[in-house]
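Hi,

Here is the structure I promised to pass on. Have a look at it first, and then read my notes below.

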Amino acid sequence: VIAAPVDAVGTLGIDAGVERVLELVGIVAFAVSGGLLAVRQGFDLVGVLVLSVVTALGGGALRDVLLGAAPPAAVTDGWYLGLSLGTGLVMMVAHHRIDQRLWRAVLVFDAAGLGLFCVTGTLKALEFDVGALGSIGLGVVTAAGGGVLRDVLAGEQPQMFRSDSVLYSIPAALGAGAIVGAAEADSYAAGVGVAVAAAVFALRLAALRFRWHAPRPWPGRGSS
Amino acid sequence: VIAAPVDAVGTLGIDAGVERVLELVGIVAFAVSGGLLAVRQGFDLVGVLVLSVVTALGGGALRDVLLGAAPPAAVTDGWYLGLSLGTGLVMMVAHHRIDQRLWRAVLVFDAAGLGLFCVTGTLKALEFDVGALGSIGLGVVTAAGGGVLRDVLAGEQPQMFRSDSVLYSIPAALGAGAIVGAAEADSYAAGVGVAVAAAVFALRLAALRFRWHAPRPWPGRGSS
Amino acid sequence: VIAAPVDAVGTLGIDAGVERVLELVGIVAFAVSGGLLAVRQGFDLVGVLVLSVVTALGGGALRDVLLGAAPPAAVTDGWYLGLSLGTGLVMMVAHHRIDQRLWRAVLVFDAAGLGLFCVTGTLKALEFDVGALGSIGLGVVTAAGGGVLRDVLAGEQPQMFRSDSVLYSIPAALGAGAIVGAAEADSYAAGVGVAVAAAVFALRLAALRFRWHAPRPWPGRGSS
């Protein structure tokens with residue numbers, strides 16, 4: 001069901017129902033970006049649905065496969081799959097309604113998903129005891145992996161690797177690092193998770209606003 | 001061995017030997033399409049063999065990895081691997097013999113594989129109890145996933161996402177849906193599986209014959 | 001820790017500390033090739049780090065996922081991840097220092113990694129009892145899979161599929177076949193593993209020196 005019992009607690013440590021709603025919002029935002037890219041590529045219904053689902057659920061699925069925690073929620077969670085597919089269907093008919101203003105809203109919800117999933121992904125990896133660097137890596141994979149799979153399936157270079165892209169994975173990596181640090185100091189608490197997710201969210205929004213880029217390779221002397 | 005004992009029953013519920021032969025025919029047809037694409041791309045022996053194997057076995061392997069059922073038959077089944085590799089080798093020397101008429105035969109066997117694997121893939125997912133939508137999704141992945149991996153490895157946009165492609169995944173999705181419906185109504189039987197596989201096969205052949213396309217995104221007003 | 005106790009024995013059957021050092025050298029060489037490709041593609045820090053890690057660790061991770069042996073060392077082994085990331089960081093600032101001479105050294109270490117990983121990958125697959133062909137396939141995946149994932153993520157056709165490429169996977173396949181043969185004859189010993197790894201290494205270097213290519217598809221009569 002969409003809402004867990006009121007006294008249940010989610011991965012983050014907050015009310016499970018609240019966390020669930022935030023997750024579903026993030027998933028819809030991810031699915032919008034996948035569906036829109038498929039439309040822009042001239043894909044048909046199949047391409048739009050697959051890109052919506054893969055973008056929304058691919059990062060978490062990849063994390064779970066790498067953890068040995070299959071089947072992932074991408075497969076077992078009817079809400080995840082249904083909302084991703086439903087978002088794809090909406091994009092089929094409404095893609096041209098996503099104007100400048102709506103796209104900005106999508107980016108805000110996408111940033112919320114980035115913040116939330118880098119925290120929940122890192123926490124899940126820590127549960128499986130895969131070490132500090134591995135947990136950070138899988139936190140980033142959870143939050144940003146779907147976008148990479150989306151671009152590969154669309155036949156494009158991953159947007160977030162390109163030097164003209166605005167910071168996306170790096171806020172997630174910093175957030176994942178903060179969670180691992182808190183866990184190693186035995187001081188993880190729901191408040192930490194919420195604060196880190198919010199900081200990643202804010203950092204991503206600031207990167208969009210001020211067009212912050214990741215560092216590029218040192219140019220050398222034209223000899224590379 | 002290629003033939004199971006006479007009284008054994010396969011995934012579908014029919015005689016295991018018959019099902020096995022049908023599966024191997026489908027796998028060879030998938031491998032032909034992978035090997036031919038590799039030849040067209042100017043690949044060498046390595047590319048031809050890898051594309052043959054990945055196209056033939058990638059969908060089932062992806063399903064098993066997502067189910068947590070690794071190692072998949074793609075790895076453990078010597079006949080699967082051997083036939084895929086052998087088909088690749090044949091394509092190395094005989095690709096130019098695949099004329100119009102032979103290619104039509106390949107498409108027919110490929111359609112048979114599509115029908116069979118969407119049913120067996122869905123049934124396997126149901127065994128793992130991953131829910132209705134997840135089972136339909138994994139049925140489609142089993143039947144059509146190899147073709148997507150083939151195109152990605154060849155550096156092309158997945159053919160079945162393109163709006164100039166003829167229905168491929170949608171018959172598989174309808175078939176997978178019918179199987180899940182029958183299972184939820186507790187009325188799955190071998191006859192149902194055979195009928196659904198045959199219907200998917202027929203639908204795919206009709207799509208090829210009449211060039212049926214999947215719906216394209218609603219065009220909007222040129223503003224997307 | 002980087003060095004195992006002196007009397008420990010690695011996968012290959014040799015001193016575990018020696019094997020460990022060889023593995024780490026191979027991983028760094030793989031990571032260099034990933035990082036350099038990312039720089040050439042104009043990627044930013046994220047692209048350079050991801051391609052370094054995926055090239056270095058992707059083959060072994062794919063093998064472990066296909067074996068059902070997740071989480072792979074790619075995730076759990078801090079040295080693997082740390083060295084791959086560190087190599088990526090070095091490439092960010094030093095890519096233009098990889099001149100002709102240094103690149104030759106990278107190719108030599110890469111060939112050493114190819115030899116070592118095809119043997120250790122095959123041995124691991126044999127432990128999981130996946131059959132002869134499957135073990136050979138997973139040995140090749142271990143050694144060469146990272147390079148394929150690297151090229152796909154960079155938006156390029158896999159270099160090792162192209163007919164202008166110099167033998168890479170085929171020495172690995174021959175080596176994996178030799179290991180499986182020895183295992184099936186119950187005559188595997190550390191000396192066999194070392195000899196096969198050395199032979200794969202030498203074969204790859206000879207292929208580079210003499211520009212040996214894999215067979216291309218039979219040309220036919222211009223009718224393909």
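Gly42(C) comes after helix H1(C) and has a positive phi, near 75°. Helices here are DSSP runs of H or I with at least four residues, strands are runs of E with at least two, and both are numbered from the N terminus. Before I go on: this is a predicted model, so local features need pLDDT of at least 70 and side-chain atom pairs count only at pLDDT 80 or more, while totals for chains, interfaces and linings use all residues. As for bookkeeping, residues are numbered from 1 along each chain as its sequence is written, chains are lettered from A and ligands numbered from 1 in the order in which they are written, and side-chain values use heavy atoms, with hydrogens and water left out.

Back to H1(C), which covers residues 16-40 of chain C. With 25 residues at 1.5 Å each, this helix should span 36 Å, and its end C-alpha atoms are indeed 36 Å apart. (The expected span is 1.5 Å times one less than the number of residues.) H1(C) is mostly covered, as 19 of its 25 residues are buried. Buried means under 20% relative accessible area, exposed means over 50%, and partly exposed is in between, using a 1.4 Å probe and protein chains only. At the start of this helix, Asp15(C) has a side-chain oxygen within 3.0 Å of the backbone nitrogen of Gly17(C).

Next, chain A as a whole. It has 8 helices and 0 strands, so reading from the N terminus gives α-α-α-α-α-α-α-α. A compact globule of 224 residues would have a radius of gyration near 17 Å, and chain A agrees, with 17 Å. That radius is taken over C-alpha atoms, and the globule rule is 2.2 Å times the number of residues to the power 0.38. Along the principal axes, the C-alpha atoms of chain A fill a box of roughly 55 × 50 × 35 Å. In chain A, 54% of the 224 residues count as buried. About 9100 Å² of chain A is exposed, with carbon and sulfur atoms supplying 65% of it; these areas come from the Shrake-Rupley method with a 1.4 Å probe, and for residues only the protein chains shown count as cover. Taking contacts in chain A between residues at least 6 apart in sequence, 73% join residues at least 24 apart. Contact here means heavy atoms within 4.5 Å.

Helix H5 of chain A (residues 100-127) has 28 residues, which at 1.5 Å a residue should span 40 Å, and its end C-alpha atoms are 40 Å apart, in agreement. After H5(A) comes Asp129(A), with a positive phi near 60°.

One residue in chain A is worth a look in the viewer: Ser169(A), in helix H7 (residues 169-184). Is Ser169(A) buried or exposed? Ser169(A) has a relative accessible area of 7%, which makes it buried. Apart from neighbours within four places in sequence, Ser169(A) is in contact with Val140(A), Ala144(A) and Met160(A), and also with Val46(C) from another chain.

How do the copies relate? A turn of 120° and a shift of 0.0 Å along the axis lay chain B on chain A with an RMSD of 0.0 Å. The two copies are thus related as by a three-fold rotation axis. Superposition is by least squares on the C-alpha atoms of residues with pLDDT of at least 70 in both. Just 7% of the interface residues of chain B are also interface residues in chain A, so these copies meet through different surfaces. Chain C, in turn, can be laid on chain B by a turn of 120° and a shift of 0.0 Å along the axis, with an RMSD of 0.0 Å. Here too the copies use different surfaces, as 7% of the contact residues of chain C recur in chain B.

Finally, some backbone details. In chain B, Ala70(B) and Pro71(B) are joined by a cis peptide bond, with omega about 0°. Pro71(B) sits in the loop between helix H2 (45-67) and helix H3 (73-76) of that chain. Chain C has a cis peptide bond between Ala70(C) and Pro71(C), again with omega about 0°, and Pro71(C) is in the loop between helices H2 (45-67) and H3 (73-76) of chain C.

Two aspartates in chain C have positive phi values. Asp129(C), which is not a glycine, has phi near 60° and lies in the loop between helix H5 (100-127) and helix H6 (132-153). Asp129(C) is exposed, with a relative accessible area of 69%. Asp186(C) is not a glycine either, and its phi is about 55°. You will find Asp186(C) in the loop between helix H7 (169-184) and helix H8 (190-210) of chain C, where it is exposed, with a relative accessible area of 73%.

Cheers

Conventions:
A polar contact is a pair of N or O atoms within 3.5 Å; within protein, one must be able to donate a hydrogen and the other to accept it, and residues adjacent in sequence count only if both atoms are side-chain atoms.
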